Amino acid sequence: MARIVMKFGGTSMAGTERIRRVARIVQRQQAAGHEVAVVVSAMAGETDRLVNFCREANPLYDPAEYDVVVASGEQVTSGLLAMHLQALGCKARSWLGWQLPVRTDDAHAKARIETIDSDALLASMAAGEIAVIPGFQGLTADNRVTTLGRGGSDTSAVAVAAAVKADRCDIYTDVDGVYTTDPRIVAKARKLKNVTFEEMLELASVGSKVLQTRSVSLAMKEGVRVQVLSSFIDDDAPPADSIPGTMIVSEDELIGELEGLEMERQLITGIAADKNDAKVTLTRIADRPGAVATIFGPLAEANINVDMIIQNVAKDKGETDVTFTVPQADLARTQALLEEQKDTIGYYRIIADSKVAKISVVGVGMRSHAGVAGTMFKALADRGINIQAISTSEIKVSVLIDEDETELAVRVLHTAYGLDAA
């Protein structure tokens with residue numbers, strides 16, 4: 001018998017028939033002898049509908065009241081799923097964020113979970129009751145409702161799994177696992193049996209939409225084993241224990257499973273593409289100490305994330321151009337901030353480009369193998385794809401290219417690293 005936390009996203013909860021299907025999946029896990037808790041998202045599109053209500057009420061809405069409104073979507077689905085489970089003969093009840101409680105900080109609309117009081121929940125599960133918990137929401141120290149930001153239900157599920165010391169956290173989505181790249185772009189993309197926390201964290205941060213970045217970071221910190229599988233399976237399908245999804249685990253566990261075969265592990269785990277970045281170039285900045293700080297200091301204070309940075313120095317003129325990327329959603333704010341700081345920074349002009357894409361190759365094998373970046377650069381050059389910027393980490397290389405060349409670049413790199421399925 002295992003203790004399992006199951007999480008179902010918005011597409012899995014989109015309407016009565018899908019919720020009924022989810023109830024049958026949950027019932028099978030309990031019938032197999034497991035202790036089960038379920039974390040649910042709002043129905044697909046419901047959160048957007050509630051956000052629009054807030055904007056119509058007051059464009060400058062109070063974030064605390066915004067949280068009260070948007071948290072209601074998950075409350076509806078948790079109650080409905082509990083009802084469906086009861087109709088199947090299961091003992092089930094819903095637990096709202098304040099009933100556990102799930103304690104967070106007071107950063108409304110983007111709160112972070114601090115603690116979960118799991119005693120009552122554990123007692124309920126031990127008594128054979130299925131706990132249904134709304135994701136995405138929590139409670140401040142002064143008992144105000146908070147929400148965790150987009151995709152926050154993944155984080156809720158991992159946090160609950162950590163609190164109850166679950167054997168694993170099953171994340172059910174509309175895909176049946178983590179692939180070497182988007183199968184809609186590369187038909188020969190392969191589903192991965194295992195991915196390390198670090199690899200999944202990098203993939204999530206550079207465009208893979210399977211899991212929310214914060215949830216992976218929390219799973220890695222708390223040592224929660226996460227399995228990604230599809231909720232869109234036939235009613236007669238076997239339980240998740242025997243469905244081959246993708247398991248997100250620590251590198252130590254993965255090496256232990258390989259037992260000396262780690263030398264055969266794929267050098268590159270996956271390739272991700274992200275079209276949500278924008279490129280900004282400031283021209284003819286004075287080449288002097290502190291010049292770059294005058295650019296990125298104000299952006300940091302405005303909570304604008306900067307990713308790739310390139311600085312070229314023209315020695316004969318004592319001037320430099322600085323290029324960097326920001327999230328596309330922050331481009332207008334970035335330009336406005338830089339315009340305000342023009343005299344302080346001392347640049348000539350701003351050049352912005354939102355028609356770019358970030359392509360990333362990720363794999364823990366990079367640590368012990370040279371030439372990964374070289375393979376990437378040569379493969380792109382051979383197809384005439386120009387690289388506009390580069391950033392790296394220990395297990396990732398990312399490049400910025402023209403948006404129109406995204407799919408070609410992904411296909412070329414997938415083949416170059418030998419990731420195509422036979």
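A charge sits over a ring if NZ of Lys or CZ of Arg is within 6 Å of the ring centre and within 35 degrees of the ring normal. Keep that rule at hand for the first exercise. The model is predicted: local features need pLDDT of at least 70, side-chain atom pairs count only at pLDDT 80 or more, and totals for chains, interfaces and linings use all residues. Residues are numbered from 1 along each chain as its sequence is written, and side-chain values use heavy atoms, with hydrogens and water left out.

**Exercise 1. Charges over rings**

Task: Find the ring that R93 lies over, then do likewise for R284.

Solution:
- Start with R93: the ring below is that of W95, and the distance to the ring centre is 3.7 Å.
- Move on to R284, which lies over the face of Y348 at 4.7 Å from the ring centre.

**Exercise 2. Backbone surprises**

Task: Inspect the backbone at P101, A109 and F136, and place each residue in its loop.

Solution:
- A word of background: most residues other than glycine have a negative phi, and most peptide bonds are trans.
- The bond from L100 to P101 is cis, with omega near -10°. P101 is in the loop between β3 (92-94) and β4 (102-104); strands are DSSP runs of E with at least two residues, helices are runs of H or I with at least four, and both are numbered from the N terminus.
- A109 is not a glycine, yet its phi is positive, about 75°. Its loop runs between β4 and β5 (113-116).
- F136 also has a positive phi, near 80°, and sits in the loop between β6 (130-134) and β7 (137-139).
- Now check accessibility, where buried means under 20% relative accessible area, exposed over 50%, and partly exposed in between (1.4 Å probe, protein chains only). A109 is partly exposed at 28%, whereas F136 is buried at 6%.

**Exercise 3. Salt bridges across the chain**

Task: Trace the salt bridges of R3 and E251, and say which parts of the chain they link.

Solution:
- Begin with the criterion: a side-chain nitrogen of Lys or Arg within 4 Å of a carboxyl oxygen of Asp or Glu. The structure holds 20 such salt bridges.
- R3 pairs with E35, with 2.9 Å between the closest N and O atoms. This links strand β1 (residues 3-8) to strand β2 (residues 35-40), across 32 residues.
- Relative accessibility is 24% for R3, so R3 counts as partly exposed; at 13%, E35 counts as buried.
- E251 pairs with R367 at 2.7 Å between the closest N and O atoms. Here helix α9 (residues 251-258) is joined to the loop between β18 (356-362) and α13 (372-382), 116 residues apart.
- Finally, widen the view: E198, E251, R367 and E394 are linked in a network of salt bridges.

**Exercise 4. Aromatic pairs**

Task: Classify the ring pair F8 and Y172, then the pair F296 and F324.

Solution:
- Rings of Phe, Tyr and Trp (its six-membered ring) pair if their centres lie within 6.5 Å; planes under 30 degrees apart are stacked, over 60 edge-to-face, and the rest tilted. The whole structure has three aromatic pairs.
- For F8 and Y172, the centres are 4.5 Å apart and the planes at 15°, so this pair is stacked. F8 is in strand β1 and Y172 in strand β9, 164 residues apart.
- F8 is buried at 0% relative accessibility, and Y172 is buried at 1%.
- F296 and F324 are edge-to-face, with 5.1 Å from centre to centre and 75° between the planes. F296 belongs to helix α10 (residues 291-301) and F324 to strand β16 (residues 319-327).
- Both F296 and F324 are buried.
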